[in-house]
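Hello,

I am passing a structure on to you, and I hope you enjoy looking through it. Please have it open while you read the notes that follow.

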Amino acid sequence: RAKEAEDAAADAKDAAADAKERTKESKAKYRAKAERAAEECQVAMKAAEEKVKVAEEKLRVAVAEAKRLVLAGAASAGDASASTSEATAASASAPSSASASASA
């Protein structure tokens with residue numbers, strides 16, 4: 001019986017050593033996976049940062065273009081309103097002349 005107990009103790013010790021080794025291997029395996037995932041995440045973040053920079057630059061260009069168009073529109077609207085004022089003044093005087101002629 002003592003021999004059986006010693007064998008059982010040796011088997012338990014071997015099993016514990018195997019479990020400890022498997023735990024180390026598992027930890028190493030998952031650590032490596034975590035490191036790869038972190039690296040992939042950093043690469044993705046750098047790519048995203050580049051996309052953000054490109055988008056910000058496109059936005060700056062679009063805003064500048066919009067401002068230019070607004071200013072150009074305001075300038076041509078000023079020209080158009082001056083032309084419209086002249087046309088309105090001319091058409092306002094035309095009915096007066098026509099009614100004056102009709103009265104006469």
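Let me start with one of the salt bridges: the side chains of Arg 60 and Glu 57 come together at 3.2 Å, N to O. Please keep in mind that this is a predicted model.

Before going further with the pairs, here is the overall picture. The protein has one helix and zero strands. That helix, α1, covers residues 2–103. Of the 104 residues in the protein, 0% are buried. The accessible surface amounts to about 8900 Å², and carbon and sulfur atoms account for 61% of that area.

Now back to the salt bridges. The count for the model is four, and I will take you through some of them, including the pair above.

Arg 60 and Glu 57 sit three residues apart in helix α1, so about one helical turn lies between them. Glu 57 has a relative accessible area of 41%, which makes this residue partly exposed.

A little further along the numbering you will find Glu 65 and Arg 68, whose side chains form a salt bridge at 2.6 Å, N to O. These two are also residues of helix α1, and because they are three residues apart, the separation is about one helical turn. Both ends of this pair are partly exposed: Glu 65 has a relative accessible area of 35%, and Arg 68 has one of 44%.

Towards the start of the chain, Lys 3 and Asp 7 make another salt bridge, with 3.4 Å from N to O. Here the spacing in helix α1 is four residues, so Lys 3 and Asp 7 are again about one helical turn apart. How accessible is each partner, Lys 3 and Asp 7? Lys 3 counts as exposed, at 55% relative accessibility, whereas Asp 7 counts as partly exposed, at 35%.

There is also a charged feature on the surface that I would like you to look at. Which residues gather in a patch of negative charge there? They are Asp 11, Asp 14, Asp 18, Glu 21 and Glu 25. Asp 11, to take one of them, belongs to helix α1. With a relative accessibility of 51%, Asp 11 counts as exposed, because the cut-off for that class is over 50%.

If you want a route through the model, you could begin with Lys 3 and Asp 7, go on to the negative patch that includes Asp 11, and finish with the salt bridge between Glu 65 and Arg 68.

Best wishes

Technical notes:
Residues are numbered from 1 along each chain as its sequence is written. This is a predicted model: local features need pLDDT of at least 70, side-chain atom pairs count only at pLDDT 80 or more; totals for chains, interfaces and linings use all residues. Side-chain values use heavy atoms; hydrogens and water are left out. Buried means under 20% relative accessible area, exposed over 50%, partly exposed in between (1.4 Å probe, protein chains only). Patches are made of residues with over 30% relative accessible area and no salt bridge: like charges are joined within 9 Å, nonpolar side chains (Val, Leu, Ile, Met, Phe, Trp, Tyr) within 5 Å. Accessible areas come from the Shrake-Rupley method with a 1.4 Å probe; for residues, only the protein chains shown count as cover. Lys and Arg count as positive and Asp and Glu as negative; His and the chain ends are not counted. The place of a charge is taken as NZ of Lys, CZ of Arg, CG of Asp or CD of Glu.
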